[in-house]
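Me: I'm new to reading protein structures and would love a close look at one part of this one. Could you take the sheet, and then show me what else is worth a look around it?

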Amino acid sequence: MARLRDRLVAHGETADFLLPSLQADGLALTLLFAGPSGVGKRFTALTLAQALLCERSSAGCGQCGSCLRVEQGAHEGVRVIAPEGPQIKIDQAREVIEFLHLQKISRSRVVIIDQAHLLNPQAANALLKILEEPPEGTFIFLIAPSPSSVLSTLRSRSRTVLFRPLSETELKKIQVAPDWALKASRGSVETLRALLEPEEQESRAEAARLLGEFLTDKDFLLASSWRTALKEKGFFVRLCRSWIGFLRDGLLMHAKGEKLLMNPDQKALLMTLAAEPRERIEFFIEKLFRLEAEMAFHRDPQLSMEELWVGWRNVREKMA
């Protein structure tokens, strides 16, 4: 088995920069790893944990018992907390506090709080003192999509480290994928793998077909195909997300930004969109964002589609 650092395709420079300061004698530190989902924040934290706990090397040997237990998620000096349901709850925060009050049996201890922005207020408040003054040799990694998504009381007690999306070259080292998927993933391995699922690819193809009909068929509202598709639970939300991506590319076509397209394989559809005035596309995107959000309140997908089409036709007539 190899060191986790050797498998860190991106952000290796970040890990290498942080490690010497983390290994300073007696240092205890809370770090906030902030960046998009699926770019390697948690894996970077585990990479640092392996090095901090290694029995043989300050860089993490990848071979000793400690390194192997970190890789297998079974190290006694590492505690990983993630949401149970929609939140990280007070009982999980107490678990962290209890863990850090136990006698230390490894030279360091590491706590990883994944999706720290989902700490509920009670859990966050319970952790404040520990975050501000971690016990000696303790390293706490908070992982979140952005600094602002985390409560200010947590953010002020942490040192923020920003993570960027992965490049297409980096993504290719992790996952074989077509160009359109690499671009549409926006630098997230998690998103890329989701896009490659057969169900997701079928959903995207159906979304492209329906958008083409929506834009060109004056009798679209009378068709049965989209009504049948929308009966599938969750399809309307996926449809909105796919359409927003296609419409974004339509705006890029207006701006001669073809190199930045997320869906270059849908050129015919994008050409249809590019023929629409920019203002109409912007209206369409805004409407889709609103309808997607309203799905959380159990709004009827078919009524939403009808409203969208009527609004789109009205805007086309006004701008004609």
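Reply: Let's start with one pair of residues: Ile113 has Leu142, in strand S4, as its bridge partner. Keep in mind that this is a predicted model. Strand S3 covers residues 109-114 and strand S4 covers residues 138-144. Six bridges join S3 to S4, and the two strands run parallel.

Now step back to the whole sheet. It is open and has five strands, in the order S2-S3-S4-S1-S5, with parallel pairing. At the edges you will find strand S2 (78-81) and strand S5 (159-162), each of which pairs on one side only. From one strand to the next, the twist averages 20°. Helix H1 (residues 12-22) packs on this sheet, where it touches strand S1 (29-34), S4 and S5. The direction of H1 makes about 160° with that of S5.

Next, have a look at how helices pack on each other. Helix H4 (residues 90-101) packs with helix H5 (residues 121-132) at an angle of about 20°, and their axes are 7 Å apart. Because of that angle, H4 is roughly parallel to H5. Their crossing is left-handed. On the H4 side you can pick out Ile90, Ala93, Val96, Ile97 and Leu100, which meet Gln122, Ala123, Ala126, Leu127 and Ile130 in H5. Sorted by kind, the residues of this contact are nine nonpolar, one polar and no charged.

A second pair to find is helix H12 (residues 235-254) with helix H15 (residues 301-319): their axes come within 10 Å and cross at roughly 30°. H12 and H15 are therefore roughly parallel to each other too. Here Phe236, Leu239 and Trp243 of H12 make the contact with Pro301, Ser304, Met305 and Leu308 of H15. This contact divides into six nonpolar residues, one polar and no charged.

While you are in H12, find Asp249, which also lies in this helix. Is Asp249 buried or exposed? Asp249 counts as buried because its relative accessibility is 0%, and the cut-off for buried is under 20%. Which residues does Asp249 touch, apart from its neighbours within four places in sequence? Those contacts are Leu261, Met262, Asn263 and Leu270. You can also trace from Asp249 to Ala274, which is 25 residues apart from it along the chain. The C-alpha atoms of Asp249 and Ala274 are separated by 8.6 Å.

Terms used
Residues are numbered from 1 along each chain as its sequence is written. This is a predicted model: local features need pLDDT of at least 70, side-chain atom pairs count only at pLDDT 80 or more; totals for chains, interfaces and linings use all residues. Side-chain values use heavy atoms; hydrogens and water are left out. Axes are lines fitted to C-alpha atoms, for helices over the stretch in contact, and angles run from 0 to 180 degrees between N-to-C directions. Helices (H or I, at least four residues) and strands (E, at least two) are DSSP runs, numbered from the N terminus. Angles under 35 degrees count as roughly parallel, over 145 as roughly antiparallel, 65 to 115 as roughly perpendicular and the rest as oblique. A crossing is left-handed if the near helix is turned anticlockwise from the far one by less than a right angle, and right-handed if clockwise. Contact means heavy atoms within 4.5 Å. Ala, Val, Leu, Ile, Met, Phe, Trp, Tyr, Cys and Pro count as nonpolar, Asp, Glu, Lys and Arg as charged, and the others, Gly among them, as polar. Two strands pair if DSSP finds at least two bridges between them. Buried means under 20% relative accessible area, exposed over 50%, partly exposed in between (1.4 Å probe, protein chains only).
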